[in-house]
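Thanks, everyone; today I would like to walk through the salt bridges in one model, and I will take the pairs in turn. Please have the structure open as I speak.

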Amino acid sequence: MLSFIVFIIGGSCTAAAQEVYNSKIIFHYNSGNDTYGLLEAERILENSNFVRTRRTVLYSHGFMATTDDERNTLLVDAYKNTNAYNILLVDWRELAASSYPTAVLNMAKLSEELAKLILTATDQGYAITNWHVLGHSLGAHLSGIVGKRIKGLSNSSLILSRISGLDPAGPGFYGEEVIGQPISKSDAAFVDIIHTDAGVLGANVNTGTVDFWPNGGKNQPGCSFIDVVCSHSRAAYYWIESVENRGKVIFTAQNELNPRIKSRMGIDCPTNTPPGRYNLSTNDTPPYSLG
């Protein structure tokens with residue numbers, strides 16, 4: 001386990017800027033999808049399938065991942081079935097497949113372009129409160145940096161309403177070897193975090209407005225100790241299940257300091273949930289929620 005973490009942190013810290021600009025945004029809608037280069041992303045707003053009365057989810061995958069991975073395909077399908085969202089996937093696979101430090105350091109420029117997309121939409125009358133930015137692993141931190149950039153570029157006059165982090169990456173963001181800006185509760189009006197591999201590939205600290213720690217935040221039921229990715233990925237699968245069951249009472253968690261305070265983990269987490277750490281248990285196979 002430790003050798004894996006050392007491996008992903010090691011490597012070159014330089015990368016051609018072109019790797020950033022080779023990133024794309026894939027706009028998914030009910031009848032198909034369209035892909036846009038990072039620097040032409042604002043054309044999405046002109047797409048006839050972009051519904052301005054809907055909320056928009058902007059999702060970023062993690063290190064060594066692609067938008068074609070099973071969990072990302074399932075996430076898109078789950079959102080499509082709600083018939084309630086514009087679905088934008090950040091495809092930054094070239095950066096995410098480079099050395100870990102390169103991916104982390106280049107998120108700064110990538111996040112700036114994503115922030116500009118959201119600000120352009122705001123200038124065109126699409127409310128910033130319609131955006132829900134989320135990501136898994138490194139993508140969670142990328143989402144947080146997008147929130148930081150929006151505040152910076154707007155001189156703090158604008159702020160995202162919600163950012164959700166799915167097991168934010170631990171290496172490089174906490175402890176002694178810090179090379180990146182971690183997602184923070186100040187990045188949006190409400191930041192909810194799901195921890196599933198704390199202390200290994202995921203963050204081992206509370207970092208949002210509300211932090212959910214299913215099964216203690218690590219060693220998820222059904223995951224082998226040999227499979228270092230299983231628990232780390234489980235946060236995404238919990239989120240997908242919450243989208244598939246949108247509107248139903250699932251993934252109920254209790255506030256650690258006051259068990260009488262409860263909240264729902266996932267898409268239906270109320271944004272007025274009192275801050276703090278929330279605990280819950282899950283099943284080892286789908287459906288993961290205990291109901």
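E113 is buried, with a relative accessible area of 12%, and I start there, keeping in mind that this is a predicted model. Its partner K116 is partly exposed, at a relative accessible area of 34%, and the two side chains meet in a salt bridge at 3.9 Å, N to O. Both residues belong to helix α5, which runs over residues 100-123, and they sit three residues apart, about one turn of the helix.

The next pair is K148 and D187, whose side chains form a salt bridge at 2.9 Å, N to O. Because K148 lies in helix α6 (residues 138-153) while D187 lies in the loop between β6 (160-166) and β7 (188-194), this pair ties together parts that are 39 residues apart in sequence. D187 counts as buried, with a relative accessibility of 2%.

Turning to the third pair, the side chains of E256 and R277 meet in a salt bridge at 3.3 Å, N to O. E256 is in the loop between β9 (252-255) and β10 (262-264), and R277 is in strand β11 (residues 276-280), so here the parts tied together are 21 residues apart in sequence. As for accessibility, E256 is partly exposed at 43% relative accessible area, and R277 counts as partly exposed at 24%.

Returning to helix α5, which holds K116 and E113, I would add that salt bridges with shared partners join K109, E112, E113 and K116 into one network. How many salt bridges does a search of the whole structure find? That search gives 10, and the three pairs I described are among them.

Definitions and conventions. Residues numbered from 1 in each chain as written. Predicted model: local features only at pLDDT ≥ 70, side-chain atom pairs only at ≥ 80, totals over all residues. Heavy atoms only, no water. Salt bridge = Lys/Arg side-chain N within 4 Å of Asp/Glu carboxyl O. Helix = DSSP H or I, 4+ residues; strand = E, 2+ residues; numbered from the N terminus. Buried < 20%, exposed > 50% of the residue type's maximum accessible area, 1.4 Å probe, protein only.
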